[in-house]
Each structure stands twice: as C-alpha cells, then as structure tokens.
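Biologist: I'd like to walk through this protein with you. Could you take my questions one at a time?

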Amino acid sequence: MIYFDNAATTIPYSEVLETYEEVSKKIIGNPSSLHQLGSQSSRILEAARKQIADLIGKHANEIFFTSGGTESDNWAIKGLAFEKMNFGKHIIISSIEHPAVIESAKFLEKFGFEIDYAPVDKKGFVIIEKLSKLLRKDTIIVSIMAVNNEIGAIQPIKEIATLLTDWPKISFHVDAVQAIGKLDTDLFLPERVDFASFSGHKFHAVKGVGFLYKKNGKMISSLLSGGGQEKQLRSTTENVAGIVSMAKALRIVMSQKDTVNQRIKQLKEVLYQSLKDKKDVILFSDSTSKFSTHILTFGIKGIKGEVLLHAFEEHDIYLSTTSACSSRAGKIASTLINMGIEANIAQTAVRISFSDGNNMAEIEQFLTVFHHIYEKLEKVRG
C-alpha cells in the first residue's frame, strides 16, 4: 500500500500508540477527582500541557484541550463572537477556509453577525490589500488558515499580523491544523495571533484529540457547560491518554521537522517535475517555498477527480479528491473555485499529501501507475 492522504489523517506513530495504551491502563483516575488516582491523572495531564506549550513556544496556561481541529475552530469562531458581540458583530474570514470555520461563521449569521470573505488571488493566497479594505470599527474577528488544506498554499500570516497591529481590538485566529510540524512556528504563530487551532491526528497522534491556543489575557466564551474543566472554559472529562500521546507525537514531529521536510520537499519536486509537462495535466499546487512541501494537487483535463482516485486505488495507492470533509459530500474544491478556476476544471483535482513515512520508491511506483492510467484514459480525455 502507498498512502498519500496524510493531509486527511496521518498514521499514528507506534510509540504514540504504545503511550496511549500504557496511559489508558495505568492512569485510570478522573483528573477532577480529589483522591490520589485523580491527582496522578491531573499531574500527567498538566505535564502534557506544558510539553505542548514548550514545543510551540507558548505558556502552559495558554493551551486548552479539545476533541480536534473542528471543535477548536468552532470554539474560536463562535466563542469569540459571543464573547465580543457587545463590541461589534463583523467577522472576516478568508474565502478558502476549512468548513469548520466557514460553517461556524454562517451559523453566526442567524444571530445577526455579518461575515465578509477576504478573497484570494489566482494562486490561492489571501490578498492583503483587499483584506485591509474589509476592516471596520466593528470588526471583532479575523480568521485565516495558515496552510490551505486543498492546495497547500501558505498564507501570509506574518503580514496579516503586521496589518492587525493597528487594530488591537480585533481577535486574530489562525487555523494551524495543516501547519504544525511543517512550518517554523513563527510563520503561523507570530505574537499578534490570539488564538490558533490544532488537531492531533494531522501529526501522527490518535484521532479525537486536539488543542486550542489562547493567548494570555484574551477572553472567550465557553461552548460546553458542565463540570468546569479546562479553567471553566471547556467542560468535559479530559481524554488523558489521547492528550499525553498527542504530546508525544508532537515532540517526535518537532524534533525531526527540518530533516523530514527537506526529504519530503525532494519527493514533491520529483513528482512535480514529472507531471508539469504532461499534456492535459493541470497543477494546482506549486513546488516553490510559498506552498507547503506536504501537499501537491493536480488534475487531468476531462477526468473527474473521483475517477482518478479510484483508478489509483485499484493499484493500492490512496489519494484524496479535495479535503476529506468535502470529498465524501461530493463537493467541488471550494479553494479552486475561489481562485477563479472553472468548475469543470476544479472537479478534476486530486490531492497527494505526504508524511515522513513516504519515500522515493513510492514516488517511482506512483509515476509508473500514473503513466499506465494516463495512457488508459487517453481516449476519454480526447
């Protein structure tokens, strides 16, 4: 099997699964319980919180555990909106955000909030000048993803942070789900960023666990009522085994980030150069430093992405059409549409996404299969 769908979910490291199993067996107390077993669970939970904070250059009291990226995004957008609604009801997000952000923003329209969508250029990058013109006195949130999940475009977070320096009352949220372990932290978590979302299963942790970074002093409303866990902000018994194993996954990823990214960059470059001159092949991603090394999206004119995906699946090679959240729903890649690409072209897109588990032999095998499929589909393309 060749697994090229790591932007959808990664395979957990064996060490992470071992930690998950060990903590599940040995740390049995509820962290909120007052007895010794509860205290033991609380201590290991806080140790994991500090480790995660240290790895991203933040403080332990700025890390709040969630069930993953979708909850973190929902909490950031809705929680901030309800917390700040007395100061304004205007929110700006980019036109290419993950559904968790877009649908949260649409939900808020029912409560009288006004949403503006910052446009992107033909390459998929937020146009800062146009974003700037959307800012208003009643703007309370700007939310921009760090790395686009469909084509891998690295958004100008530092430049947007500089723009917002003159707007201190605006909360700046970054969806960093596709950035952690791929980019240097200062590229997606500069000082001006107030909130950031993360998801464990995108960096080789188990599914169902993530965290939200909340800068000290920033306020946010709770979306979950109950026992008052996570400093009264996120009630529910913490997933201790998932959190501890996520901290381990992040430590492994961050410790080998530079070496792994350099190797993945070489894989992507070989693939990019092999595809770029092929007739009827459309490359939606680039191999330059403005795009993440771990995503390459392309299509073949006249061939729907779903057809191409299943053609590769017959050879035990696994890709994605767009984001996993949109693929199952049969939606065309919204990023490509917002880049001005026609729907009949956008629907050809398939996404290859790499991890440290991929190698050059897999690239060679992929290209062998690609040429076979490409020739087989020649009559259909014509």
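Here is our chat about the structure, question by question.

Biologist: Before we start, what kind of model is this?
Modeller: Residues are numbered from 1 along each chain as its sequence is written, and side-chain values use heavy atoms, with hydrogens and water left out. Local features need pLDDT of at least 70, side-chain atom pairs count only at pLDDT 80 or more, and totals for chains, interfaces and linings use all residues, since this is a predicted model.

Biologist: Okay, which residues touch the most other members of the largest nonpolar core?
Modeller: A nonpolar core is a set of buried Ala, Val, Leu, Ile, Met, Phe, Trp, Tyr and Cys residues joined through side-chain atoms within 4.5 Å. Buried means under 20% relative accessible area, exposed over 50%, and partly exposed in between, using a 1.4 Å probe and protein chains only. In the largest core, with its 70 residues, the ones touching the most other members are F172, F188, F198, F203 and F211.

Biologist: And which helix gives this core its largest share?
Modeller: Helices here are DSSP runs of H or I with at least four residues, strands are runs of E with at least two, and both are numbered from the N terminus. Eleven residues of the core come from one helix, residues 240-255, and that is α9.

Biologist: What is the order of the strands in the seven-stranded sheet?
Modeller: Two strands pair if DSSP finds at least two bridges between them. The sheet is open, with mixed pairing. β2 (63-66) and β4 (114-118) stand at the edges with a single partner strand each, so one side of each lacks a neighbour in the sheet. Put together, the order is β2-β8-β7-β6-β5-β3-β4.

Biologist: Is β6 buried or exposed?
Modeller: Look at both faces: S171, H173 and D175 sit on one side, F172 and V174 on the other. In a regular strand the side chains alternate between the two faces of the sheet. Five of the five residues are under the cut-off, so β6 is largely enclosed by the rest of the structure, and the answer is buried.

Biologist: Which residue stands opposite D175 in β7?
Modeller: β6 and β7 pair in the parallel sense, over three bridges. On β7, one face holds F195, S197 and S199 and the other A196 and F198, every one of them buried. The residue opposite D175 is S197.

Biologist: What is the bridge partner of F198 in β8?
Modeller: Strand β7 (residues 195-199) pairs with strand β8 (residues 210-214) in the antiparallel sense, over five bridges. F198 also touches residues including A176, I180, F188 and Y213 (contact means heavy atoms within 4.5 Å). Its bridge partner in β8 is F211.

Biologist: Let's turn to α10: how far apart are its end C-alpha atoms?
Modeller: The expected span of a helix is 1.5 Å times one less than its number of residues. Helix α10 (residues 257-275) has 19 residues, so it should span 27 Å. The model agrees with that, as the end C-alpha atoms are 27 Å apart.

Biologist: Within what arc do the buried residues of α10 fall?
Modeller: The buried residues are K257, V260, N261, I264, L267, K268, L271, Y272 and L275. An α-helix has 3.6 residues a turn, so residues three or four places apart point the same way. The arc is that of the directions from the helix axis to the C-beta atoms. Seen down the axis of α10, its buried residues line one face of the helix because they fall within an arc of 135°.

Biologist: Which exposed residues does the other face of α10 carry?
Modeller: The buried side has its cover, which includes α9, β9 (281-283), β10 (295-300), β12 (350-353) and α15 (360-376). The face turned away from that buried side carries exposed D258 and T259.

Biologist: What is the order of the three-stranded sheet?
Modeller: This sheet is open and its pairing is antiparallel. β9 and β12 stand at the edges, each with a single partner strand, so each has one side without a neighbour in the sheet. That leaves the order β9-β10-β12.

Biologist: Last one: what is the phi of K231 near?
Modeller: Most residues other than glycine have a negative phi, and most peptide bonds are trans. K231 has its place in helix α8 (residues 229-232), and it counts as exposed at 53% relative accessibility. Its phi is positive, near 60°.
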